[in-house]
Amino acid sequence: MFDTISTLVNAFGPSGRENRVAEAITHLIKDKVDEISSDAMGNLIAVKKGFGKKIMLAAHMDEIGLIITTIDEKGFLRFGTVGGVLPLISLGQRVVFENGLTGVVWYEESIESIKDAKPEKMYIDIGAKSREHAEELVEIGDMAVFEGRPVQQNGLVISRALDDRVGCAVLAELARRCPETDHEIYYVFTVQEEVGLRGARTAAYAIRPDLALAIDVTRTADTPKSRHGAVSLGKGPAIKVKDNSVIAHPAIRERLENCARENGIPYQLEVLDKGGTDAGSIHITAGGIPSGGVSIPTRFIHSASEIVNLEDAGNALKLLETFVKL
Ligand code: CO
Ligand code: ZN
C-alpha cells in the first residue's frame, strides 16, 4: 500500500491538471480491468464488467495548489488559490511547478499580524532576478503544489497530497485485487473535486450507477485542542453519515456498517461539519443516486504534511472489497 500511495502522491496534479496522476493510475490497473478511458473533463473511468448492479467508486485525483496571477517587476509571483489553501499553512512552504521549478511562499513583512497574511499579501519567490527573468521560467496561470515527499514512520504515512491520493491508492489496489462479484464496478478517478466536486458530477451522469461511494479523507479530532469531532487516526476507516455536501443514503451506510461488523473490520462514524466529497455531487445527479462514503482519517488536511495510518487505508480496502461482493 505504501508503494502505491508513494507513486501517486509524487505525481503533480492540481485541479484541472490531473493527467500525470491519471497516467500513473492507468499504469497500475490497466491489465486488471475490462475497459479504461478518460472523458472530456479528464476523469479516468475503469470498468470491471458484470451483470449485477452498477457500483461507482470515486476518488479524486486533484490536489489543492496555487496559481500565478501576476508577476511583479522584481520577479516575485503573486498568486491565487486552487481549492481550499489556508494562507497561514502555506507560509514558508516550498512549492513546485509542473516544470519542476521550486518556489518559496512568503509574505509582506510590513503587515501588522501574521494572521493578516492573505494570498494578496503573499508571494512566491522563485529566485528570479527580474520580471523578464521570471517570465522565462513561468507564466500567468501556471499552477504549483506543495513540496512534501512521502515518509513512512510508525505505521503512518506523512506526505503532501494524501487528500486524496490515499483514496486513489485504495481504489487502485482494489482494482488490482479483482474482487469476485457479479456487480459491474466503475472505478472512477475524478478531477476538480477541490474546486467544487465537478468531475464526479459528469462522470456520475454518464455512468448512471445504481449506487455510489466516494473514497476520500476526513479530518480527525485527536490532536491538541482540535475542533470537536469523533474520528481518530488508527481506529479504522470512517463510514460517512453526513458532511456539508451529502447525507449518506441510510441503506448504503447500513450496508457498509454490516460489512464491517460481519468481517471484523474496525470502523468509525463520520459526521463532518465542514467540507464535502464527490458524493455531494453524485447523489444529486441523473434523478438521484443513492450514495455514501468511506473516508480515511487524516491529520492536517490541505497542508504539505498530511498524516494517515496505513492500517486505516488497509481496512478501507477490506471494507470496500466486502461491500462490492455483497
Ligand atoms: Co481536499
Ligand atoms: Zn479530498
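Student: Which residues have the most contacts inside the largest nonpolar core?

Tutor: The model considered here is predicted. Nonpolar side chains tend to be buried together in soluble globular proteins. In this chain the largest nonpolar core has 53 residues. Those with the most contacts inside this core are Ile25, Leu57, Met61, Tyr187, Phe189, Leu213 and Phe323.

Student: Which helix gives the most to this core?

Tutor: The contribution is counted in residues, and the leading helix supplies 9 of them. That helix spans residues 162–177 and is H5.

Student: Which residues does Phe323 touch, not counting residues up to four places away in sequence?

Tutor: Phe323 is among the residues with the most contacts inside the largest nonpolar core. With residues up to four places away in sequence not counted, its partners include the charged residue Arg255. The full set touched by Phe323 is Ile55, Leu211, Leu213, Ile252, Arg255, Leu256 and Cys259.

Student: How many residues are in the second, separate core?

Tutor: Val85, Leu91, Leu101 and Ile124 are included in this second core, which is separate from the largest one. Its number of residues is 24.

Student: How far apart do the C-alpha centres of domain 1 and domain 2 lie?

Tutor: The chain is divided into domain 1, made of 2–63 + 160–325, and domain 2, made of 65–146. Contact between them involves 12 residues of domain 1 and 13 residues of domain 2. The C-alpha centres of the two domains are separated by 31 Å.

Student: Are helices H1 and H2 roughly parallel or roughly antiparallel to each other?

Tutor: Two packed helices are described by the angle between their axes and the distance between the axes. The axes of H1 (residues 2–9) and H2 (residues 19–29) come within 9 Å and cross at roughly 150°. Angles over 145 degrees count as roughly antiparallel. The relation of H1 to H2 is therefore roughly antiparallel.

Student: How do the residues of the contact of H1 with H2 divide into nonpolar, polar and charged?

Tutor: From H1, the residues Thr4, Thr7 and Leu8 take part, and they meet Ala24, Ile25 and Leu28 of H2. Sorted by type, these residues comprise 4 nonpolar, 2 polar and no charged.

Student: Is Gln192 buried or exposed?

Tutor: Gln192 has its place in the loop between strand E12 (184–190) and helix H6 (198–207). Leaving aside neighbours within four places in sequence, Gln192 is in contact with Ser15, Gly16, Glu18, Asp62, Leu197, Arg198 and Gly199. The relative accessibility of Gln192 is 17%, and the limit for a buried residue is under 20%. Gln192 therefore counts as buried.

Student: What is the phi of Leu197, which is not a glycine?

Tutor: Leu197 lies in the loop between E12 and H6. At 14% relative accessibility, Leu197 counts as buried. Although Leu197 is not a glycine, its phi is positive, at about 50°.

Student: Is Phe300 buried or partly exposed?

Tutor: Phe300 is found in the loop between strand E16 (291–299) and strand E17 (306–309). Its phi is positive, at about 60°, although Phe300 is not a glycine. The relative accessible area of Phe300 is 44%, and the class between 20% and 50% is partly exposed. Phe300 is therefore partly exposed.

Student: Which residues are joined by a cis peptide bond?

Tutor: The omega of this bond is about 5°. One of its two residues, Asp164, is found in helix H5. The cis peptide bond joins Asp163 and Asp164.

Student: Which residues is Ser232 in contact with, leaving aside its neighbours within four places in sequence?

Tutor: Ser232 lies in the loop between strand E13 (211–219) and strand E14 (238–242). With a relative accessible area of 14%, Ser232 is buried. Leaving aside neighbours within four places in sequence, its contacts are Thr220, Asp222, Gln268, Pro297 and Asp312.

Student: Is Val271 buried or exposed?

Tutor: Val271 is found in strand E15 (residues 268–271). Leaving aside neighbours within four places in sequence, Val271 is in contact with Val241 and Lys242. Its relative accessible area is 60%, and the limit for an exposed residue is over 50%. Val271 is therefore exposed.

Notes:
Residues are numbered from 1 along each chain as its sequence is written. Chains are lettered from A and ligands numbered from 1 in the order in which they are written. This is a predicted model: local features need pLDDT of at least 70, side-chain atom pairs count only at pLDDT 80 or more; totals for chains, interfaces and linings use all residues. Side-chain values use heavy atoms; hydrogens and water are left out. A nonpolar core is a set of buried Ala, Val, Leu, Ile, Met, Phe, Trp, Tyr and Cys residues joined through side-chain atoms within 4.5 Å. Buried means under 20% relative accessible area, exposed over 50%, partly exposed in between (1.4 Å probe, protein chains only). Helices (H or I, at least four residues) and strands (E, at least two) are DSSP runs, numbered from the N terminus. Contact means heavy atoms within 4.5 Å. Axes are lines fitted to C-alpha atoms, for helices over the stretch in contact, and angles run from 0 to 180 degrees between N-to-C directions. Angles under 35 degrees count as roughly parallel, over 145 as roughly antiparallel, 65 to 115 as roughly perpendicular and the rest as oblique. Domain bounds come from an automatic or database domain assignment.
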